[in-house]
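The following exercises concern the fold and the charged side-chain pairs of one protein model. Attempt each task before reading its solution.

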Amino acid sequence: MLSTLNILTALAESTPTQRLEILRAHVGNPILKAAFRLALDPRFTVGLRKLPVGPDAPCKPYPATLGEALDRLEFTVDAALYGPNSAALKLFIHDLLLSLPSPDREVLRRVILKDMSCGVGPKLARTAWHALFPTLEYCGARPMKHLDKDIVYPCLAQRKESGCAVYVYLNYSGMDKAV
């Protein structure tokens with residue numbers, strides 16, 4: 001079985017029609033699926049632009065697997081245990097990256113930065129894995145009296161105030177997470 005980084009490298013070196021074939025050949029790989037889900041889902045954001053660990057840093061004596069690291073990252077960010085760009089989040093990411101060997105560390109780095117660098121976007125990933133993450137409708141600014149009947153939930157709502165745009169994920173019961 002190929003490692004996740006080898007699959008991403010093969011995707012980067014292939015043509016767009018070959019990418020779908022490669023993804024379909026590895027549909028049963030849960031780690032690859034989780035990596036693409038976290039990297040391409042607009043609701044999952046870590047908020048870091050620079051990572052605290054370089055690719056050449058030594059691995060901790062008890063390394064974790066990439067699947068465990070992706071699960072820990074998703075739980076920590078979704079549970080909002082740390083604020084965006086906080087020192088505690090940077091320390092958590094630092095420890096998480098150091099617990100992985102170098103090839104898995106590169107995959108996790110790509111997931112955190114939301115750039116898989118392989119030419120696969122949300123549309124192609126949804127073609128390979130159906131319902132990988134929900135497609136969200138964008139609701140523009142409208143008068144409040146029309147909102148209740150026009151919105152198809154779940155959706156992303158855009159709020160503009162003095163030139164600043166904020167996207168908010170809305171589910172049936174109200175706001176879930178600001179993006």
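**Exercise 1.** Determine what share of the contacts with a separation of 6 or more joins residues 24 or more positions apart in the protein chain.

*Solution.* Step 1: a contact means heavy atoms within 4.5 Å. Step 2: among contacts in the protein chain with a separation of 6 or more, residues 24 or more positions apart account for 65%.

The model is a predicted one, in which local features need pLDDT of at least 70 and side-chain atom pairs count only at pLDDT 80 or more, whereas totals for chains, interfaces and linings use all residues. Residues are numbered from 1 along each chain as its sequence is written, and side-chain values use heavy atoms, with hydrogens and water left out.

**Exercise 2.** State how many helices and strands the protein chain has, and give their order.

*Solution.* Step 1: helices (H or I, at least four residues) and strands (E, at least two) are DSSP runs, numbered from the N terminus. Step 2: the protein chain has eight helices and four strands. Step 3: read from the N terminus, the order is α-α-α-α-α-α-α-β-α-β-β-β.

**Exercise 3.** Find what percentage of the residues is buried and what area the protein chain exposes.

*Solution.* Step 1: buried means under 20% relative accessible area, exposed over 50%, and partly exposed in between (1.4 Å probe, protein chains only). Step 2: 39% of the 179 residues count as buried. Step 3: by the Shrake-Rupley method with a 1.4 Å probe, where for residues only the protein chains shown count as cover, the protein chain exposes about 10600 Å², of which carbon and sulfur atoms supply 56%.

**Exercise 4.** Identify the salt-bridge partner of glutamate 74 and locate both residues.

*Solution.* Step 1: a salt bridge is a side-chain nitrogen of Lys or Arg within 4 Å of a carboxyl oxygen of Asp or Glu; the count by this rule is three. Step 2: glutamate 74 pairs with arginine 37, their closest N and O atoms being 2.7 Å apart. Step 3: glutamate 74 lies in helix 4 (residues 66-78) and arginine 37 in helix 3 (residues 30-40), so the pair ties together parts 37 residues apart in sequence. Step 4: arginine 37 has a relative accessible area of 22% and is therefore partly exposed.

**Exercise 5.** Which residues form one network with Glu106 through shared salt-bridge partners?

*Solution.* Step 1: glutamate 106 forms a salt bridge with arginine 109, at 2.6 Å between the closest N and O atoms. Both lie in helix 6 (residues 102-112), three residues apart, about one turn of the helix. Step 2: arginine 110 also forms a salt bridge with glutamate 106, at 3.0 Å between the closest N and O atoms. Step 3: Glu106, Arg109 and Arg110 are thus joined into one network by salt bridges that share partners.
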